[in-house]
Amino acid sequence: MDIQTPDWVKHAVFYQIFPDRFARSKQPHKRLLPNAPWEDWQAMPTLQGYKGGDLWGIIEQLNYIQNLGINAIYFTPIFQSASNHRYHTHDYYQVDPLLGGNEAFKELLDAAHQRNIKVVLDGVFNHASRGLFFFHDILENGPHSPWLDWFKITGWPLAPYTGELPANYESWGGNRALPVFNHDNPEVREYIMEIAEYWLKFGIDGWRLDVPFEIKTTGFWQEFRHRIKAINPQAYIVGEVWGDSRQWLDGTQFDGVMNYLFAGPTIAFTAGHRVVLEQVQTRDYKPYPPLFAPEYAVKIQELLQLYPWPIQLTQLNLLASHDTARLITIAEGDLATVELATLLLLTFPGAPSIYYGDEVGLPGGLDPDSRRGFPLEAHWNQEILNTHRQLVSVRHQYPALRTGDYQVLFAQAELYIFTRTLETEVLIIAVNTGTASATTNLDTATLSTQPKHLVYGSGEFEWYGEQLSLTLPPRTGCILG
C-alpha cells in the first residue's frame, strides 16, 4: 500500500515543552493571576504545585528556540485543567486561562508559524477529568444525567473522591480523577473527532495522542486519521506507544510513535554501567543492561525493519520526555553519555525530539523531578548547549541525515560506525563508547563517495585507496562528510 506521511516531519527537529515549566512571561499584566501562589521557579517541583509558566513566556523565548535550530514544538497538554500537567482535561475548547487562554495560543501559533516553526498539541482523548462538564453532570444528577453513556458507569453511588468506596466507573490506571470515555458511543466519538478538527482549523500542525492504545473501538483511529488529513493532509499524527507499534503504523492510523524503542538501546549503549537503576526501573523502555556495539547494531537493525520506510522517517525519536528521568541524571551526570546519545539521536532516521532543558544540562529524576523549571542562563551547561546547536545545524545542513539510507558499517566491542547515504551524499558517523582510544581500518568499496571532511567531533582519519583508517579518542564520536 502507498503510505503517505507528512514531508515536513522528515526535516523537523522537535522541542518538547511542558508549559507550566518553560517560561513565565516577563509582562505580569498579561498573566491571569500575576500574584498567584506559584512555587519558587528553581525549587524542586511537587506533584500538585504550579510554577506559573505560560504561553506568553514561550512567545518571548521563541528566538532562543529558533536559534537552537528547532523548527517544530510539541506541547504537553494546554487545555483547561486542575493539574499542572493538564492531562485532567476540563474543557477541550479552552486553552487554560493560567497559560493565557485561546488569545495567547493564537498569538503563539502565529509567531511560531512566522518563524516556520510547526506546533503539535497533546490530545488526551482516552479519558477526561472529573471536572469535564459531561462527567460533572453525572456527579450532580446521577442516573438522571443525559450523558450517562458517555462514560463507563458500573454502579451507584459514584465515589469520585474517596478510596474507601468503589468508584463505580472506569478510570485510567485506577485513578478516579481520570474517568474513561465510552468510545463505543457514537456521540463520544463525534465529540472527540470535532475537537481534533477544531484545533486543526485553528491552525495547529498535528496531534500527539496520549495512551492511544487504550482506545480499542474498531475503526476509531482510522476515522481520526481520515478526518484530520481531510483538513490538512500534512498534519502529523503521532501516538504515545512505548513498544512494538506495528498495529498502529500500517499507514491507516498514525504517522509515527514516540520512539522509546530507539531511546532504550541508545542509552544502554552510550551510558553502559553508568545507568542509575532507580531512575529507569519504573519504565519499560529498557535503557539497561549495557549494550556493546554488536548488540546495539542488532537492536537498531531490528527497529529499522519493524516499520515501512515512510513511517521510519516520521517517527518521533527521543532520549527523554516528561514521563522519564532525564538522560544526564540516568547517566549520573556523565557528559560524554549526553554527547554520544545526542549524536546518535540527531543522525537517526525520523524526527529528533529534544526535551526542554536537556540542551542546557538540566537534571531531573523520575516524575515530578523530570518536570523542573527551565534553568536560569547562569546555570546552563554551555558545553552541552554547544553540542546540541552543532548537531542540529549539521542535521539541517545534510539531507542524507534526514532522509538518507542507514547502513551499519562496523560494530565491534565499543566502536559503532554507520553511514547515511542520499544519492551522492555520504556521511560516516562513528561512536566510541569505550574508555580507551579505538582504531579500525574499514573497507569502504561500497560507498559511492568518500567523505573527506570532519564535519563534527574529534578523531583522526586517512584514506588509503578504498580503505579508511579511523581513530577515535575514548568516549567520543564524529561525523565525516
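Here are some short exercises on this structure, each with a worked solution.

The model is predicted, so local features need pLDDT of at least 70 and side-chain atom pairs count only at pLDDT 80 or more, while totals for chains, interfaces and linings use all residues. Residues are numbered from 1 along each chain as its sequence is written, and side-chain values use heavy atoms, with hydrogens and water left out.

**Exercise 1. Helix H12**

Work out how the span of helix H12 compares with the expected one, and find what caps its N-terminal end.

Solution.
- Start with the naming: helices (H or I, at least four residues) and strands (E, at least two) are DSSP runs, numbered from the N terminus.
- H12 covers residues 382–397, which makes 16 residues.
- The expected span is 1.5 Å times one less than the number of residues.
- From first C-alpha to last, H12 reaches 22 Å, close to the 22 Å expected.
- Now look at the N-terminal end: the cap is Asn381, with a side-chain oxygen 3.0 Å from the backbone nitrogen of Glu383.
- Finally, check burial (buried is under 20% relative accessible area, exposed over 50%, partly exposed in between, with a 1.4 Å probe and protein chains only). Among the buried residues of H12 are Ile384, Leu385, His388 and Leu391.
- A handy rule here: an α-helix has 3.6 residues a turn, so residues three or four places apart point the same way.

**Exercise 2. Two aromatic pairs**

Classify the ring pair Phe79 and Tyr92, then do likewise for Phe220 and Trp221.

Solution.
- The rule: rings of Phe, Tyr and Trp (its six-membered ring) pair if their centres lie within 6.5 Å; planes under 30 degrees apart are stacked, over 60 edge-to-face, and the rest tilted.
- That rule gives 47 aromatic pairs.
- For Phe79 and Tyr92, the centres are 6.5 Å apart and the planes sit at 55°, so this pair is tilted.
- Phe79 belongs to strand S3 (residues 79–81) and Tyr92 to strand S4 (residues 89–95), so the pair ties together parts that are 13 residues apart in sequence.
- Phe79 counts as buried at 3% relative accessibility, and Tyr92 is buried with a relative accessible area of 1%.
- For Phe220 and Trp221, the centres are 4.8 Å apart with planes at 90°, so this pair is edge-to-face.
- Phe220 is buried at 0%, and Trp221 is buried at 4%.

**Exercise 3. The sheet with S18**

Find the strand order of the five-stranded sheet, name its edge strands and describe S18.

Solution.
- Two strands pair if DSSP finds at least two bridges between them.
- The five strands form an open sheet with antiparallel pairing, in the order S11-S12-S13-S18-S15.
- Strand S11 (405–412) and strand S15 (454–457) are the edges, each pairing on one side only.
- On one side of S18 (residues 476–480), strand S13 (residues 425–432) pairs with it over five bridges; Ala430 has Cys478 as its bridge partner.
- S15 is joined to S18 by three bridges, and Tyr456 has Ile479 as its bridge partner.
- Side chains next: in a regular strand they alternate between the two faces of the sheet.
- In S18, Thr476, Cys478 and Leu480 point one way, and Gly477 and Ile479 the other way.
- Five of the five residues of S18 are buried, so to speak of it as mostly covered fits.

**Exercise 4. Unusual backbone spots**

Where are the cis peptide bonds before Pro157 and Pro289, and where do Ala413 and Arg475 with their positive phi sit?

Solution.
- Some background: most residues other than glycine have a negative phi, and most peptide bonds are trans.
- Trp156 and Pro157 are joined by a cis bond with omega about -5°; Pro157 is in the loop between helix H4 (133–141) and helix H5 (186–202).
- Tyr288 to Pro289 is also cis, with omega near 5°, and Pro289 is in the loop between helix H7 (260–271) and H8.
- Ala413 is not a glycine, yet has a positive phi of about 50°; its loop lies between S11 and strand S12 (415–422).
- Arg475, not a glycine either, has a positive phi of about 55° and sits in the loop between S17 and S18.
- At 12% relative accessibility, Arg475 counts as buried.

Key:
A polar contact is a pair of N or O atoms within 3.5 Å; within protein, one must be able to donate a hydrogen and the other to accept it, and residues adjacent in sequence count only if both atoms are side-chain atoms.
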